[in-house]
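Here is a short tour for anyone meeting this structure for the first time. Have a look at the sequence and the model, then read on.

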Amino acid sequence: MSESRPRPQFGEYASPEEQRARIAEPIDEQRAEELGIAPVVPVDRQPRQQQEPTLREQTREPGVVQPGAPTVAARRPVAGDRIATSILLGLGLVGLIVTMPGLLDLPGLIRPALVQMGVSGYSSDGLASAMGILALGLQIALWVGAIILSSRSLRAGRLTFWIPLVAGVAANLVVVICLAVAMGADPAFMEYVRSQQP
């Protein structure tokens with residue numbers, strides 16, 4: 001069956017409304033009335049509340065950009081920030097590995113230090129062991145949290161180096177507090193502290 005008219009090449013069979021909407025040329029109400037057609041207002045010039053999403057837009061998968069849709073350029077992280085973040089996370093891992101043996105045997109770490117200060121008879125081994133394990137667990141949690149938050153922040157294109165930096169400071173504070181609790185609970189150490197006061 002042959003067609004009576006040639007195949008369209010430039011949209012010549014489109015209605016005036018379709019042609020105007022396609023070329024985004026508005027037709028105000030007065031001109032539309034003269035032509036005997038409905039007024040055409042391009043979608044990007046309509047007020048925001050009038051722009052209803054089409055069924056296709058509503059069912060579109062998130063993250064899929066449709067052809068012709070305006071794209072928003074994602075911010076790219078600064079290369080130096082990515083490098084600094086990686087270095088700080090690496091230093092955190094090295095610090096964690098280095099302090100792990102000492103924290104797992106905190107009484108063995110405290111006793112020689114007290115002997116050098118002239119304090120003998122450290123007797124709070126149970127508390128020191130618990131504080132060492134607590135400090136190690138918190139350090140691991142802070143390091144893992146820093147990795148998760150840093151990777152999310154880098155993917156979002158935000159400045160990230162401060163995350164492992166803050167986690168490292170917090171990890172050191174945890175160790176100092178746990179060490180202070182383990183030493184401060186020992187009667188021999190407290191006696192030494194009292195003897196040093198004038």
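## Gly-168 and the pocket beside it

Gly-168 sits in helix 7. Keep in mind that this is a predicted model, so everything below is computed from predicted atoms. With a relative accessible area of 30%, Gly-168 counts as partly exposed, because that value falls between the 20% and 50% cut-offs. Follow the chain back 22 residues and you reach Ala-146, whose C-alpha atom is 8.9 Å from that of Gly-168.

Gly-168 also helps to line a pocket, the second largest one, which holds about 280 Å³ of space. Its lining has 16 residues, and those closest to the centre are Leu-91, Gly-92, Ala-167, Gly-168 and Ala-171. Three elements each give two or more residues to this lining: helix 4, helix 6 (residues 125–155) and helix 7 (residues 162–184). Helix 4 gives the most, with seven residues.

## The chain as a whole

Now step back a bit. What does the secondary structure of the chain come to? Eight helices and zero strands, so reading from the N terminus the elements go α-α-α-α-α-α-α-α.

The chain has 198 residues, and 20% of them are buried. If you take contacts between residues at least 6 apart in sequence, 62% of them join residues at least 24 apart.

## Asp-81, a buried acid

Back to helix 4, which covers residues 79–104 and includes Asp-81. How far away is the nearest side chain of opposite charge? It belongs to Arg-82, and it is 7.5 Å from Asp-81. A salt bridge needs a nitrogen and an oxygen within 4 Å, so that distance rules one out here. Asp-81 is therefore a residue that is buried yet has no salt bridge.

What does the side chain of Asp-81 reach instead? The backbone nitrogen of Phe-161, at 2.9 Å. Setting aside residues up to four places away in sequence, Asp-81 touches Leu-154, Arg-158, Leu-159, Thr-160 and Phe-161.

Arg-82 is in helix 4 too. At 41% relative accessibility, Arg-82 is partly exposed, whereas Asp-81 is buried. Phe-161 turns up again here: Arg-82 and Phe-161 are 79 residues apart in sequence, but their C-alpha atoms are 7.3 Å apart in space.

## Ser-150, tucked into helix 6

Is Ser-150 buried or exposed? This helix 6 residue has a relative accessible area of 1%, so it counts as buried. The cut-off for buried is under 20%.

Leave aside the neighbours within four places in sequence, and the contacts of Ser-150 are Thr-85, Leu-89, Thr-160, Ile-163 and Pro-164. One of these, Thr-160, is also touched by Asp-81.

## Two salt bridges

How many salt bridges are there in the model? The count comes to two. One joins Asp-125 to Arg-111, with the closest N and O atoms 2.5 Å apart. This pair links distant parts of the chain, since Asp-125 is in helix 6 and Arg-111 is in helix 5 (residues 106–117), 14 residues apart. Asp-125 is partly exposed at 33% relative accessible area, and Arg-111 is partly exposed at 31%.

The other is between Glu-191 and Arg-194, where the closest N and O atoms are 3.5 Å apart. These two are three residues apart in helix 8, so about one helical turn separates them. Glu-191 is partly exposed, with a relative accessible area of 47%, and Arg-194 is partly exposed at 48%.

## Tyr-192, next along helix 8

Helix 8 spans residues 187–196, and Tyr-192 is in it. Its relative accessible area is 22%, so Tyr-192 counts as partly exposed.

What does Tyr-192 touch, not counting residues up to four places away in sequence? Met-117 and Val-119. Ser-120 is 72 residues from Tyr-192 in sequence, while their C-alpha atoms are 9.5 Å apart in space.

Technical notes:
Residues numbered from 1 in each chain as written. Predicted model: local features only at pLDDT ≥ 70, side-chain atom pairs only at ≥ 80, totals over all residues. Heavy atoms only, no water. Helix = DSSP H or I, 4+ residues; strand = E, 2+ residues; numbered from the N terminus. Buried < 20%, exposed > 50% of the residue type's maximum accessible area, 1.4 Å probe, protein only. Lys, Arg positive; Asp, Glu negative; His and termini not counted. Polar contact = N/O pair within 3.5 Å; in protein donor to acceptor, adjacent residues only side chain to side chain. Contact = heavy atoms within 4.5 Å. 1 Å grid on protein atoms, 1.4 Å probe; cavity = no way out; pocket = protein on both sides within 12 Å on 5 of 7 lines; lining within 4 Å. Points joined across faces, edges and corners; volume = space filled by probe spheres on them.
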